[in-house]
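Open the model in your viewer and keep the selection tool at hand. The stops below say what to pick and what is there.

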Amino acid sequence: MRTRPAPPREGASPPTPTAGLPPPAERGATVIPDRVVARIATQAARTAQSRRAAVPPDRGGPAAPHASAAVRTGSVRLHLTMDLPYPTDIPRVCERIQQDVAERVAQLTGLRVGEVLLTVRRLVTADATRGRVQ
């Protein structure tokens, strides 16, 4: 015998998963430490560096990006330091990396990214990259 679910009754609300919990304001807050946000930003910067600046994420390439973060009342300020290939359109690549990192950090942490400061540590030529592999 087959049964069909009953149609929803008018005015009936779906069951709430928070039944029995105190109101949200009384539950507390989730705090994400600066160092955790910085690690997320570092990984996002590494991905953006390889995607936007055509830098392969291997050991023979430029040094890995570094990030620091300052989390304050639901928003975060990020500072990234990374190498970029030469030649490249530095302003365009930096802007895209900043956008990518801001979006990814906001997506993973739920924090509003107020600022992403990007410092280019050095420009790396293809010859310099090949020389480090040997």
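Is Ser75 buried or exposed? Ser75 counts as buried because its relative accessibility is 17%, where buried means under 20% relative accessible area, exposed over 50%, and partly exposed in between (1.4 Å probe, protein chains only).

Before going further, note that this is a predicted model, in which local features need pLDDT of at least 70 and side-chain atom pairs count only at pLDDT 80 or more, while totals for chains, interfaces and linings use all residues. Residues are numbered from 1 along each chain as its sequence is written, and side-chain values use heavy atoms, with hydrogens and water left out.

**Stop 1: Ser75**

Keep Ser75 selected and show strand β2, residues 75-86, where Ser75 is found. Helices (H or I, at least four residues) and strands (E, at least two) are DSSP runs, numbered from the N terminus. Setting aside neighbours within four places in sequence, add Ala70, Leu111 and Arg112, which are in contact with Ser75; contact means heavy atoms within 4.5 Å.

**Stop 2: Ala41**

Next select Ala41 in helix α2, which covers residues 34-52. Ala41 has 0% relative accessibility and therefore counts as buried. What is Ala41 in contact with, leaving aside its neighbours within four places in sequence? The partners are Ala67, Leu78, Leu80, Val101 and Val105. Put a distance label on Val101: from C-alpha to C-alpha, Ala41 and Val101 are 6.2 Å apart in space, with their positions 60 residues apart in sequence.

**Stop 3: Asp100 and two arginines**

Side chains of opposite charge can pair when their charged atoms come close. Six salt bridges are present in the structure, each being a side-chain nitrogen of Lys or Arg within 4 Å of a carboxyl oxygen of Asp or Glu. Select Asp100 and Arg51, whose side chains meet in a salt bridge at 3.6 Å, N to O. This pair links distant parts of the chain, with Asp100 in helix α3 (residues 90-109) and Arg51 in helix α2, 49 residues apart. Asp100 counts as buried because its relative accessibility is 13%, whereas Arg51, at 57%, counts as exposed.

Now add Arg52. Asp100 forms a salt bridge with Arg52 too, and the closest N and O atoms are 2.8 Å apart. Again the pair links distant parts of the chain: Asp100 is in helix α3, Arg52 in helix α2, and they are 48 residues apart. With a relative accessibility of 28%, Arg52 counts as partly exposed. Arg51, Arg52 and Asp100 are thus shown as one network of salt bridges.

**Stop 4: Asp83 and Arg122**

Where does Asp83 meet Arg122? Their side chains meet in a salt bridge, 3.2 Å from N to O. Asp83 in strand β2 and Arg122 in strand β3 are 39 residues apart, and the pair links distant parts of the chain. Asp83 counts as buried at 0% relative accessibility, while Arg122 is partly exposed, with a relative accessible area of 35%.

**Stop 5: Leu123**

Finish on Leu123, which lies in strand β3, residues 112-125. Its relative accessibility of 38% makes Leu123 count as partly exposed.
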